[in-house]
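Student: Could you choose one part of this protein and take me through it slowly? I would like to see how its pieces fit together.

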Amino acid sequence: MIEAVIIDDERLARKDLRAVLEKFPQVKVTGEAANVAEALVLLKDLRPRVIFLDIEMPEANGFALLEQLETVPEVIFTTAYDAYAIRAFEVNALDYLLKPVTEKRLGESLDRLETATATTTSSASSYLDIHEKIFVKDGDRCWFVPLSEIRLLESAGNYIRLCFGKHAPLLGRSLNSLEPRLDPKHFFRTSRKHIVNLEHVQQITALDNSLLELELTDGTRIPLSRRQSMLFRELRGI
């Protein structure tokens, strides 16, 4: 069962979307919100797999909601406007549906959702799933970044620089605050400044004084502190 939340300021629009969703028994609507403030409270309690999100809402729009979420579920935008489509896909939205939402288009969106769900392993731990997406905003640009695509997290004061693809935007929180949520099976803290994604390590070099250096898939070289070099050797059996 796929749990979903509908976020739209128009009561009739929420009702119409519910009616179409009733034709898909694999989806269960667990809640509705009429604005960003209501949605923040609801999402904290329900943690749905997907949200159907309107963009134009009073006080704050759908993008503003995403900026305030620590972890972002799959997002299917439902809107009367096509002007936001490019921005929506820049933040890795699962789909962008124009109102009124038809059964055919909704079915296509749910097929995408089920494909995404099948590739995500469930976890009962407090760690973020490696496929979980983090919302990042840097100026006018926004991204939904799966943790699996982030090769390096770099401390920048009270911010974290996330390195993925050709991008390196800042996330508004400290490295120490995020580290407890990262699964050590996938991420390793090399020093006070860096955490690396082990899947993006392509070479390990032994330096003088038993220190190690990791080379990432983009060619970046990350030296390990003496203590972390010892720990890395123990964990990786080097």
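Tutor: Let's look closely at one sheet, then at the helices on it and a few loops beside it.

This is a predicted model, in which local features need pLDDT of at least 70 and side-chain atom pairs count only at pLDDT 80 or more, while totals for chains, interfaces and linings use all residues. Residues are numbered from 1 along each chain as its sequence is written, and side-chain values use heavy atoms, with hydrogens and water left out.

Start with the strands. The sheet is open and has 5 of them, in the order β2-β1-β3-β4-β5, with parallel pairing. (Strands are DSSP runs of E with at least two residues, helices are runs of H or I with at least four, and both are numbered from the N terminus; two strands pair if DSSP finds at least two bridges between them.) Strands of a sheet pair through backbone hydrogen bonds, either parallel or antiparallel.

Now find the edges. β2 (27-33) and β5 (95-98) each have a single partner strand, so one side of each has no neighbour in the sheet. On average, neighbouring strands here are turned by 20 degrees against each other, direction ignored. (Axes are lines fitted to C-alpha atoms, for helices over the stretch in contact, and angles run from 0 to 180 degrees between N-to-C directions.)

Look at the β5 edge in more detail. Strand β4 (residues 74-79) runs parallel to β5 and is joined to β5 by 4 bridges. Here Phe77 stands opposite Tyr96 of β5.

Next come two helices. Helix α1 (residues 11-21) packs on the sheet and touches β1 (2-7), β2, β3 (50-53) and β4, where contact means heavy atoms within 4.5 Å. The direction of α1 makes about 170 degrees with that of β2. Helix α2 (residues 36-46) lies across β1, β2 and β3, and α2 runs at about 140 degrees to β2.

Finally, let's visit the loops. Most residues other than glycine have a negative phi, and most peptide bonds are trans. Three spots here are worth comparing with that rule.

Follow the chain out of α2 and you meet Arg47, in the loop between α2 and β3. Arg47 is not a glycine, yet its phi is positive, about 50 degrees. With a relative accessible area of 55%, Arg47 is exposed. (Exposed means over 50% relative accessible area, buried under 20%, and partly exposed in between, using a 1.4 Å probe and protein chains only.)

On the other side of β3, Glu59 sits in the loop between β3 and α3 (62-67). Glu59 is also a residue other than glycine with a positive phi, near 75 degrees. Its relative accessibility is 85%, so Glu59 counts as exposed.

The last spot follows the edge strand β5. Pro100 belongs to the loop between β5 and α5 (103-118). The peptide bond joining Lys99 and Pro100 is cis, with omega about -5 degrees.

To put the picture back together: you have an open sheet of 5 strands with parallel pairing, edged by β2 and β5. Helix α1 packs on that sheet, and helix α2 lies across β1, β2 and β3. The loops hold Arg47 with its positive phi, Glu59 with its own positive phi, and the cis bond between Lys99 and Pro100.
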